[in-house]
Amino acid sequence: LRCEGLVKDYPGTRAVDGVDFDVEAGEIVGLLGPNGAGKSTLLKILSGVLEFNGGERELGHNVQSGYFAQHRTEVLQSNRTVLEEMLDTSAQVTEESVRTLLGCFLFSEDDVFKKVGVLSGGEKSRLAMAKLLLNPPNFLLLDEPTTHLDMASIDTLIDALSQFSGTLVFISHDVHFIRKIAKHVIHVEGGRLRHYPGPYQYYLCLLYTSPSPRD
């Protein structure tokens, strides 16, 4: 993905302030920063689900992007069972492989026959993540993927993403998840970016000693 001079304005505020953003194949990038810094807005622009006011966005050849929003559970069909929701996919899967993946996200035995509509918020988040990992695109953009997940599910997600061969850009406030996953950190604040070409520990070491944010 190549972006140049991205600008996004909302009434009375500039959420993304003329930033450049390049992602190479295979990179794992964490977008970090305070609430309201423009992280989610930027991720939506990168994923193509949000229009922007200025600049350019160019997706690479044969890149298939998948956006996992904070409110991803809204796309689930409440009248389906957990198993039916998982089997509604273009991926070539068997019921056995689907049930194995569901088991990794703590849906076991009769849990797979529960209606989606009766699931808790955490269960719906686990189901949405399991469905995404069933047939992931080669470019994932995840907004707070660990929200509502317990530690066992977070570790399952970390294991799955550690084996993912595509490109990943994510937003998270979960330090355990960030430490395990991020290979490159970008600090977002005031709609501008500061690049840290290293993992989370490298980011922490330089956070308070780096010069002012740059595009």
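Here follow questions and answers on the pockets and salt bridges of a predicted model.

Trainee: How much space lies in the largest pocket?
Mentor: Its lining divides into 7 nonpolar, 3 polar and 4 charged residues. The volume of the largest pocket is about 320 Å³.

Trainee: Which residues are the closest to the centre of the largest pocket?
Mentor: The largest pocket is lined by 14 residues. Those closest to its centre are Phe68, Val75, Ala128, Lys131 and Leu132.

Trainee: Which element gives the largest share of the lining of the largest pocket?
Mentor: Two elements give two or more residues to this lining: strand S5 (65-68) and helix H4 (121-134). The largest share is 3 residues, and it comes from H4.

Trainee: What volume does the second largest pocket have, and which residues are the closest to its centre?
Mentor: The second largest pocket has a volume of about 170 Å³. Its lining holds 13 residues. Closest to the centre are Ala25, Val63, Asn138, Phe139 and Thr167.

Trainee: How do the residues lining the second largest pocket divide?
Mentor: Three classes are counted for the lining of the second largest pocket: nonpolar, polar and charged. The residues divide into 5 nonpolar, 7 polar and 1 charged.

Trainee: How many salt bridges does the structure hold?
Mentor: Side chains of opposite charge can pair when their charged atoms come close. A salt bridge here needs a side-chain nitrogen of Lys or Arg within 4 Å of a carboxyl oxygen of Asp or Glu. The structure holds 12.

Trainee: Which parts does the salt bridge of Glu85 and Lys131 tie together?
Mentor: The two side chains meet at 2.6 Å, N to O. Glu85 lies in helix H2 (residues 82-87) and Lys131 in helix H4, so the pair ties together parts 46 residues apart in sequence. The parts are helices H2 and H4.

Trainee: Is Glu85 buried or exposed?
Mentor: Its partner Lys131 is partly exposed, at 23% relative accessible area. Buried means under 20%. Glu85 has a relative accessible area of 1%, so Glu85 is buried.

Trainee: How far apart are the closest N and O atoms of Arg14 and Asp17?
Mentor: Arg14 is partly exposed at 42% relative accessible area. Asp17 also counts as partly exposed, at 25%. In their salt bridge, the closest N and O atoms are apart by 3.7 Å.

Trainee: What is the N to O distance between Lys114 and Asp111?
Mentor: Lys114 is partly exposed at 31% relative accessibility. Asp111 is partly exposed at 22%. Their side chains meet in a salt bridge at 3.9 Å.

Trainee: Which residues do salt bridges with shared partners join into one network?
Mentor: Shared partners link these salt bridges into one network. The residues joined are Arg2, Glu4, Glu56 and Glu58.

Methods: Residues are numbered from 1 along each chain as its sequence is written. This is a predicted model: local features need pLDDT of at least 70, side-chain atom pairs count only at pLDDT 80 or more; totals for chains, interfaces and linings use all residues. Side-chain values use heavy atoms; hydrogens and water are left out. On a 1 Å grid over the protein atoms alone, a cavity is a set of points where a 1.4 Å probe fits but cannot get out, and a pocket is an open set with protein on both sides within 12 Å along at least five of seven lines; lining residues have an atom within 4 Å of a point. Grid points are joined across faces, edges and corners, and a volume is the space filled by probe spheres set on the points. Helices (H or I, at least four residues) and strands (E, at least two) are DSSP runs, numbered from the N terminus. Ala, Val, Leu, Ile, Met, Phe, Trp, Tyr, Cys and Pro count as nonpolar, Asp, Glu, Lys and Arg as charged, and the others, Gly among them, as polar. Buried means under 20% relative accessible area, exposed over 50%, partly exposed in between (1.4 Å probe, protein chains only).
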